Structures are given as C-alpha cells and as structure tokens.
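Thanks, everyone, for making the time. Let me put the structure up first, and then I will talk through it.

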Amino acid sequence: MSEKFWDDLNQFKNRYQQMFDDVCQSFALNPAEANIILYLAKNKKDTATDIVKYTGYSKSNVSTAVRKLELGDYLSAICSSENRRIVHLKLKEKAKPIIRYYQEQKKKLEEELFCGFSKEELEALFLLSDKVSRNIIGEGK
C-alpha cells in the first residue's frame, strides 16, 4: 500500500482534530464531553453503555463526563420505566449551541477538504469510505 495514502489519512485526521479541538475550546468541554453531546445528537441509542460501545471510552470516563454534563445542565439522566437499571441520556437546550457550532465548523471543513470534487467523485469517495468502515467493524466479509 502506498505510504502517501497513510500520510494523507493522517493529515485528514489531524485537520478534523483541529476543528474538533476548536469546538471543545469554544465551549470549555473536554473531548469526551463533546463527543457524548455529539453522539446523543445523532444517535437514537442513548445509554452510557451505547456511548462506551460507540466511542471506545472506558465506562469510568463516560460516567465522569456524563456527571459533568449533568452538572453543567447539558443533559439529563432519565431512568427507564421498564427497567430502572437502564438510564437514558437526553440532551437539554444548553447543548444545542454546541451541536450547531460543530455542524457549522464541520461544514466549513468539508468545503475545504472537498473543494473541486464533482458529485460523482464525492459519491465514490463516500462509498469507498463506507466499505473501509465496514471492514474495520467486521461487516465487510
């Protein structure tokens, strides 16, 4: 495999990380807290266990971040009526500016990264990216 591919992939990751760090700094959040807010904004699964599975963070890191987000009034924890051991995490109004800012910054980054791409090239890129992602999680075989 081409070394340039890995170098390019690293540059892409670094550029995304710069954007993400800006989001964290703008709202005085650590990466785990910001990732939890963004996860809850786009996923239907809403428990700490779901977040652990998705992010790869340890249970204790997620628990600490969730507690801090609750104290900061960014989310609330609601016990399931069916099983009191299951706690659903719900974003509050205070989280909306973070989500909006992230989406704006992500859109700017996409415009920067994909400048000059045709619609067909973008579709091919996303198709191939999805294929790689499925291979990573073991669904590609």
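I will go through the pockets, then a packing of two helices, and finally the salt bridges.

Please keep in mind throughout that what you see is a predicted model.

Let me begin with the largest pocket, which has a volume of about 920 Å³. Its lining is made up of 21 residues, and if you want to find the centre on your screens, look for F12, Y16, K42, Y54 and Y102, which lie nearest to it. Four helices each supply at least two residues of this lining, namely helix 1, spanning 3–26, helix 2, spanning 31–42, helix 3, spanning 48–55, and helix 5, spanning 96–113. The largest share among the contributors is that of helix 5, with seven residues. As for chemical character, the lining of the largest pocket divides into 13 nonpolar residues, four polar ones and four charged ones.

The second largest pocket holds about 750 Å³ of space. Here 18 residues form the lining, and those nearest the centre are F5, L9, F12, L125 and S129. The elements that give two or more residues to this lining are helix 1 and helix 6, the latter running over 119–136. It is helix 6 that provides the largest share, eight residues. Sorted by class, the lining of the second largest pocket comprises 13 nonpolar, three polar and two charged residues. You may have noticed F12 in both lists, since F12 is among the residues nearest the centre of the largest pocket and also among those nearest the centre of the second largest pocket.

Let me turn to the helix packing. At what angle do helix 2 and helix 5 pack? The angle is about 85°, and the axes of the two helices are 10 Å apart. Because angles of 65 to 115 degrees count as roughly perpendicular, helix 2 is described as roughly perpendicular to helix 5. On the helix 2 side the contact is made by I37, L38 and A41, and on the helix 5 side by I98, I99 and Y102. By class, the residues of this contact are six nonpolar, with no polar and no charged ones. Y102, then, takes part in this contact and also lies among the residues nearest the centre of the largest pocket.

Finally, the charged pairs. The count comes to eight salt bridges. One of them joins K4 and D8, whose closest N and O atoms are 3.0 Å apart. Both K4 and D8 lie in helix 1, four residues apart, which is about one turn of the helix.

How values were computed: Residues numbered from 1 in each chain as written. Predicted model: local features only at pLDDT ≥ 70, side-chain atom pairs only at ≥ 80, totals over all residues. Heavy atoms only, no water. 1 Å grid on protein atoms, 1.4 Å probe; cavity = no way out; pocket = protein on both sides within 12 Å on 5 of 7 lines; lining within 4 Å. Points joined across faces, edges and corners; volume = space filled by probe spheres on them. Nonpolar A, V, L, I, M, F, W, Y, C, P; charged D, E, K, R; others polar. Axes fitted to C-alpha atoms, helices over the stretch in contact; angles between N-to-C directions. Parallel < 35°, antiparallel > 145°, perpendicular 65-115°, else oblique. Contact = heavy atoms within 4.5 Å. Salt bridge = Lys/Arg side-chain N within 4 Å of Asp/Glu carboxyl O.
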